[in-house]
Amino acid sequence: MSTNILPSHASVVVIGGGVMGCSTLYHLAKSGVTDAILIERNQLTSGTTWHSAAQVRALRSTQNLTNLIRYSVDLYSKLEEETGQATGWINKGSLSIATTEERLIHIKRQESLAHMFGVEAKSVSKEEALELWPLMNADDVLGAVWSPDDGRVSPSDLCAALGKGAKMHGAKIFEETGVTGILTKNNKVVGVETDKGLVRCDAIALCTGLWSKKAASMAGVEIPIWPCEHFYMLTKPIDGIIGNMPTLSDHDSHLYIRDDSGGLLVGCFEPMGKAIDPASIGENFAFQLLQEDWDHFEPMMMNALHRLPALETAEVTSLVNGPESFTPDGSFLLGEAAETRGMFLGCGMNSVGVATGGGAGMALAHCIIHGHTPVDLHEADPKRYPDCFSSAAALAERVPEVLGTHYEITFPGRQWSTARHLRKTPLHDTWLSEKAHFGQFYGFERPLYFGKTQEPELTFGQPEWFEQVKSEVMYCHEKAAIFDQSTFGKIEVTGKNACAFLNRVCANQMDRLPGRAIYSAILNLRGGIESDLTAIRIAEDHYRLFVGTTAIKRDMAWLKRHLMDGEDVALTDSTEDYAVLGLMGPQSARIIAEVGAPELNNLKYFEAGPAHIDGAHVRAMRLSYVGEAGWEITCKAENASKVYDALYAQGARPAGIFAQSSMRIEKQFLAYGHDLDTDISPLEAGLGFAVAWDKEFIGREALLKRREEPLISQMVTVILDDKEAVPLGNEPVCLNGRIIGKTTSATFGYRINKPVALAYIDPAQMYGLDDFSVEIDIAGKHFAGKSTISAAYDPKGERMRVRVANAAK
């Protein structure tokens, strides 16, 4: 029974009594935060948790996300023993079938990923699949993958067990208690107002599902969450269903199927979902469902009839239609908000709340207590979104597509088709005239490649844009190309303490003479890389930082939170004030002289200076991120067309992100979110050259300790022998049949004419060798290649660590 009298103070107030809120409270209490409380305006699970189909599938796109669900599985199987409350955990596995060749490749890639992440999975034949699911029509099945560790749980029982466990450790739960306001002071949470009184607190865990957008706004926080309708059908008992069966995943038909009380549960993630305005749902939507919509479900029903002939005579009991919350990229929110200290978000679960909830609640509790998640979870960082995605219009357009991507094949190069053109670079109209094919990055439209505007047919084989990207790479290699880097985040750091501040938060030596460019990592206290940047020191009291496109909100928050009281430092986001054009290639020196800026040819690497191009003031950095000589040229946004036209007139031509990525991978330049994250230190990444060991900086003590210990992984380049291989990244690297690492970025290297990947491998397997033979597992097929600590392409024959690319994701 819930406690009735609210305390005047709690260290942490958890808002929301679904699986995420209950799990967070449980883990807070178990970790010693025994005065934590949970507030629920109705009853536990009454929002969306109670009607969840509650599938628990372990495999996710990264090791850390997968481990969250593996933690959930372990927790759900043990909670009953701890609390005496059953969770309804049923471990019967899952069977993923493929009815197309591309789907077969997809599930085999997942199988390889599972092996790398320590999840049991194996390919099975059509006949073996039929033994596991005899009610299935398998006429069109080409193959399947069996995952025996997957299962399902009873969501209401699970929350009851978590709540009971939390209270056993001292936490309290208050049902029928509505939140009416959130109090903040100096951009920090200080209290929660409810219809039963005020609770002062140090932190809030917001776990209010589809209502989180409105709730967060009480604390001045904007989050991009919007609900969609989610459907599953239930039948009466059917002959042939005895006991519990595995979950059948027929993703080509957009279906998941399992037994339910002797009948069938048939759910779907249709190609385009139905968004619903949360205002129409209301705030007292307790244990309720939306209206059935058989017209919308009919195409999925037809797919189900094909897969399950027994449905033709089955008696349907209901079509469950429950709202669930989605985000613009299909990943949930977990961590502290950028705008308000102490406001921690655990919401927008994208229909994986029950599966992820155990581990995600643990991670959120850890973040609240320790100030960081237990492992890198940048995919879930709430600070990864631009403000433009907080609009209702953009969300209502995007989330139906997000729902549909749950069961899409994850083809490389796939781009969103909805909520586009939210942000444009200064040269957007120019790129349209150059027939750019665009991708969306942090809301910006950026050219992927040029010359073909029609949508390509996606594949796991050689992509349709292969030859176009090749021409852009080779033009840069032989002449000169222009890369639009205007979306990179830009931060002006000014004030008399600017140098001391940056020297404290950056690992490299930032006290350089004005006119110098500096590459540095920003480290956390554990020595992991929070971000990386390139800086120009413009004056004694003025630096300009260039950070990754998607990193601007995260990096601004990090820098602001590390300012000390009384420090004379101002931080200004100038991202949209400036355009940045990369001029790269052997003819760049001639071009820069002919456009009226010959003085830039006098700059040495990592020097920066002012000039004028066609009368427009520019500031250029002499560095390269593609392995060809050149500059990054910064100018006012309104002057971008003038500068571009001048460069174009002298023979430079545009190149897109795909060309840039190919070239930076050949040069072993690393990209945050792919090759770098908060778990990786500069030592594993080969970035020790950018650490000033003789000064104090955040993370130095941990990094010194890591330096004294053997490396557990090391960045290498893998060059494959077979030109037809198509590595994508996130594949196992094998030696003598054993997995020794994984790829992080991969491409075709046009300058070396071979596929190339960056990878982290176990250095103990290298035996001190710089080069040795390995294999990359691509969808179960092993491709031989050479691993080397050097770059695949280096015109000087040495590893030239000029810059690590702040590549947009």
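Which residues of α13 are buried? Keep that question in mind while we take in the whole model, which is a predicted one; helix α13 is our last big stop.

**The whole protein**

Start with everything shown as a cartoon. You should find 19 helices and 39 strands. Along the principal axes, the C-alpha atoms fill a box of roughly 80 × 65 × 55 Å. The radius of gyration is 27 Å, which agrees with the value near 28 Å for a compact globule of 809 residues.

Now switch to a surface. About 29,900 Å² is exposed, and carbon and sulfur atoms supply 49% of that area. Of the 809 residues, 61% count as buried. Among contacts with a separation of 6 or more, 72% are between residues 24 or more positions apart.

Colour by charge next: there are 77 positive and 102 negative side chains. The centres of these two sets lie 5 Å apart.

**Aromatic pairs**

Show the aromatic side chains as sticks. The whole structure holds 15 aromatic pairs. Select F411 and F460 to begin with: their rings form a tilted pair, 5.0 Å centre to centre with 45 degrees between the planes. This pair links distant parts of the chain, since F411 sits in the loop between α10 (392–405) and β20 (423–424), while F460 sits in the loop between β22 (444–450) and α12 (466–478). The two are 49 residues apart, and both F411 and F460 are buried.

Move on to F466 and Y750. Here is another tilted pair, with 5.0 Å between the centres and 55 degrees between the planes. F466 belongs to helix α12, whereas Y750 is in the loop between β36 (738–749) and β37 (754–761), 284 residues apart. F466 counts as buried because its relative accessibility is 11%; Y750, with a relative accessible area of 9%, is buried too.

For a group of rings, select W431, F450, Y644 and Y648, which ring pairs link into a cluster.

**Along α12 to E478**

Go back to helix α12 and pick E478, which has its place in this helix. Leaving aside neighbours within four places in sequence, E478 is in contact with P586 and Q587. Now draw a distance from the C-alpha atom of E478 to that of L502: these residues are 24 apart along the chain, and the separation is 38 Å.

**Helix α13**

L502 brings us to the opening question. Select residues 498–505, helix α13, where 6 of the 8 residues are buried. Those buried residues are A498, C499, F501, L502, N503 and V505.

What covers them? Show β24 (489–494), β25 (517–523), β26 (529–539) and β27 (542–547), which are among the covering elements. Add α14 (552–561) and β28 (570–573), which are also included in the cover.

**A last stop in β36**

Finish with I739, in strand β36. Is this residue buried or partly exposed? I739 is partly exposed, because its relative accessible area is 38%. Show what surrounds this side chain: not counting residues up to four places away in sequence, I739 touches H115, M116, P732, V733 and C734. One more distance to draw runs from I739 to V774, 35 residues apart along the chain, with their C-alpha atoms separated by 9.8 Å.

Methods
Residues are numbered from 1 along each chain as its sequence is written. This is a predicted model: local features need pLDDT of at least 70, side-chain atom pairs count only at pLDDT 80 or more; totals for chains, interfaces and linings use all residues. Side-chain values use heavy atoms; hydrogens and water are left out. Helices (H or I, at least four residues) and strands (E, at least two) are DSSP runs, numbered from the N terminus. The radius of gyration is taken over C-alpha atoms; the globule rule is 2.2 Å times the number of residues to the power 0.38. Buried means under 20% relative accessible area, exposed over 50%, partly exposed in between (1.4 Å probe, protein chains only). Contact means heavy atoms within 4.5 Å. Accessible areas come from the Shrake-Rupley method with a 1.4 Å probe; for residues, only the protein chains shown count as cover. Lys and Arg count as positive and Asp and Glu as negative; His and the chain ends are not counted. The place of a charge is taken as NZ of Lys, CZ of Arg, CG of Asp or CD of Glu. Rings of Phe, Tyr and Trp (its six-membered ring) pair if their centres lie within 6.5 Å; planes under 30 degrees apart count as stacked, over 60 as edge-to-face and the rest as tilted.
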